[in-house]
Amino acid sequence: MLGLMQDWPLLASRIIDHAAANHGAREIVTRSVEGPIHRTNYASVRENALKVAKRLDAHGVRLGDRVATLAWNTWRHLELWYGIQGLGAICHTVNPRLFPEQIAWIMNHAESRLLFTDLTFLPLVEKLKPHLPHVEQVIVLTDAAHLPENGVGAVPYESWIGAVDADFRWPTFDENTAAGLCYTSGTTGDPKGVLYSHRSNALHALLACLPDSFALSCRDTALPVVPMFHANCWGLAHAGPMVGARLVLPGAKMDGASIFELLRDEKVTRTAAVPTVWLMLLQHLDKTGDRLDGLERVVIGGSAAPRAMIQAFRDRYGIEVVHAWGMTETSPLGTLCTLKPENAHLTGEAWLDVREKQGFTPFGVEIEITDDEGRARPHDGETFGRLKVRGPAIARGYFRLGDAVDGEGWFDTGDVATIDPLGYMQITDRSKDVIKSGGEWISSIELENIAVGHPDVAEAAVIGVRHPKWDERPLLVVVAKEGRTPTRDSLLAFFEGKVAKWWLPDDVVVVSEIPHTATGKIRKATLREQFRDYSFLG
Ligand code: AMP
């Protein structure tokens, strides 16, 4: 319409241009894969991103082509991220922690044309290369001096970009063009590719910077421990440059001591990772008595942040944990837990009750809970339902598989959750794990959390087992702590007063081992298969 605002596509190239123009000297610090700490800045990252784009263009990479990275968080990975996306190609970040067959499957499904990788993964790439017919060239993120002889004709990144100058103009295209591709590591079936667009990334990065999200500004130093291959780097690879935050990248080392060193030496104010990383850091601090001055906010997501972890960060170190929920399909920020004026006065256990929730949505994300028929369930903080989500940075479907949303745009997350009257969402289960007893739902996670509090229990899983009257009833499967022999009666007595009577597991089985996935989650489907013929009647 005449007189309306300008058409200014929200492109990745504009984010790095902005960072270079306004915050050009801001540091990007990396613990390099080769060893030493490496320092560069946004101006230089932009210049090298332009070289990446120019070199890819010369190679014949075109709009929509996939270019893969199998790499740690480093400045070179950031240059690639912007070079590939800026050209209009798709940056396909591959998770090196997957099984090799899965990596090959994903690479072939995406038909990625080039593969950029770290020295760490060169042996893996050498093994995989014969099974990757679409990969035309392997480029290793290092210089000529560090690249060993290899059987795949790999060239060093520094020489590869060194062959061109930065005299290149970013192309302009529709903001709804794909920019990134990330596959989910589903526990069943083939992995599914989530395609982020330039527009979704830019809007998601804006919401990631908000005060109730990362609260990120050019005065912050952010350490994304979360890898760039894990769910779009939780938005930080776009949000950092967007506000000109100083970035610290951990390279290959994510153990407690290494992360602590970076947090301390580089005076990090914001950081983000899954609970396992923070468990390692807290153990390190416990052992050494070290302190974490300057760190203000730790965003924890990917799986539930334990109550004790949220408390330890606050009570021992004065650090605010922001518990967050999201998934690869949600870019990934879906909800984040900060306090509202209505609950800011809370203290003690009541405070923890709120902080333990996964939180409320930023602008741009809508959530709802429904029953199996799609009817909305009450937001009373107790009733749980299937968690649905929609918004401009939520997947509509999967790469090459088509749409996965209902007629109103809702994406079914596969999670089961409650929403309280203030809008705080809390995950209670995965929809395939929730136990359906007499038409009511029982949270397997809640029962497991209680069971692991029992002094004789090392690990616990609760699964639904067929029941002639109630459809399904909970069965508690536990692994005993070394030297302990938990009894059925003491375990069941342990639940009393903690959950409703009809939630009590009908039986207990002690096993020597519970099966796990590659990422350490309990393989419930396998357990259910093991106990398919289990009868509560004996
Ligand atoms: P992924 O796409 O691999 O990151 O996995 C997303 C899934 O991880 C979600 O659907 C949830 O089941 C789980 N998840 C993510 N964040 C949390 C959280 N804060 N608490 C509990 N589960 C979570």
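How far is an oxygen atom of the ligand from an N or O atom in the side chain of Arg430? In this predicted model, the two atoms are 2.9 Å apart. The close-ups below begin with the ligand and then move to other parts of the structure.

**Figure 1. Polar neighbours of the ligand.** Besides the Arg430 side chain, with its N or O atom 2.9 Å from a ligand oxygen, let us meet two further residues. His230 places a polar side-chain atom 3.3 Å from an oxygen atom of the ligand. Gly302 takes part through its backbone: a polar atom there is 3.1 Å from a nitrogen atom of the ligand. On its own the ligand has 500 Å² of accessible area, and the protein covers 87% of it.

**Figure 2. The shell around the ligand.** Try finding the residues that surround the ligand: there are 14. The closest are Ala324, Thr328, Gln358, Asp415 and Arg430. Strand E14, residues 320-326, gives the largest share of this shell, with four residues. Sorted by character, the shell has seven polar, four nonpolar and three charged residues.

**Figure 3. Strand E16 and its partner E17.** Here two strands run antiparallel: E16 and E17 (residues 385-390), joined by five bridges. Look for Ile369, which stands opposite Leu387 in E17. Strand E16 covers residues 366-370, and four of its five residues are buried, so the strand is largely enclosed by the rest of the structure. A handy thing to remember is that side chains in a regular strand alternate between the two faces of the sheet.

**Figure 4. An edge-to-face pair of rings.** The structure holds ten aromatic pairs, and Phe116 with Trp160 is one of them. Their ring centres are 5.1 Å apart and their planes meet at 75°; an angle over 60 degrees counts as edge-to-face, so that is what this pair is. Phe116 belongs to strand E5 (residues 114-117) and Trp160 to helix H6 (residues 157-162), so the pair ties together parts that lie 44 residues apart in sequence. Phe116 and Trp160 are both buried.

**Figure 5. A stacked pair within helix H6.** Trp160 also pairs with Tyr157, and this time the rings are stacked, with 6.5 Å from centre to centre and 25° between the planes. Tyr157 and Trp160 are three residues apart in helix H6, so about one helical turn separates them. Tyr157 is buried, as is Trp160.

**Figure 6. A cluster of aromatic residues.** Our last view shows Phe384, Trp441, Trp502 and Trp503, which form one aromatic cluster.

Methods
Residues are numbered from 1 along each chain as its sequence is written. This is a predicted model: local features need pLDDT of at least 70, side-chain atom pairs count only at pLDDT 80 or more; totals for chains, interfaces and linings use all residues. Side-chain values use heavy atoms; hydrogens and water are left out. A residue is near a molecule or strand if one of its heavy atoms lies within 4 Å of it. A polar contact is a pair of N or O atoms within 3.5 Å; within protein, one must be able to donate a hydrogen and the other to accept it, and residues adjacent in sequence count only if both atoms are side-chain atoms. Accessible areas come from the Shrake-Rupley method with a 1.4 Å probe; for residues, only the protein chains shown count as cover. Ala, Val, Leu, Ile, Met, Phe, Trp, Tyr, Cys and Pro count as nonpolar, Asp, Glu, Lys and Arg as charged, and the others, Gly among them, as polar. Buried means under 20% relative accessible area, exposed over 50%, partly exposed in between (1.4 Å probe, protein chains only). Two strands pair if DSSP finds at least two bridges between them. Rings of Phe, Tyr and Trp (its six-membered ring) pair if their centres lie within 6.5 Å; planes under 30 degrees apart count as stacked, over 60 as edge-to-face and the rest as tilted.
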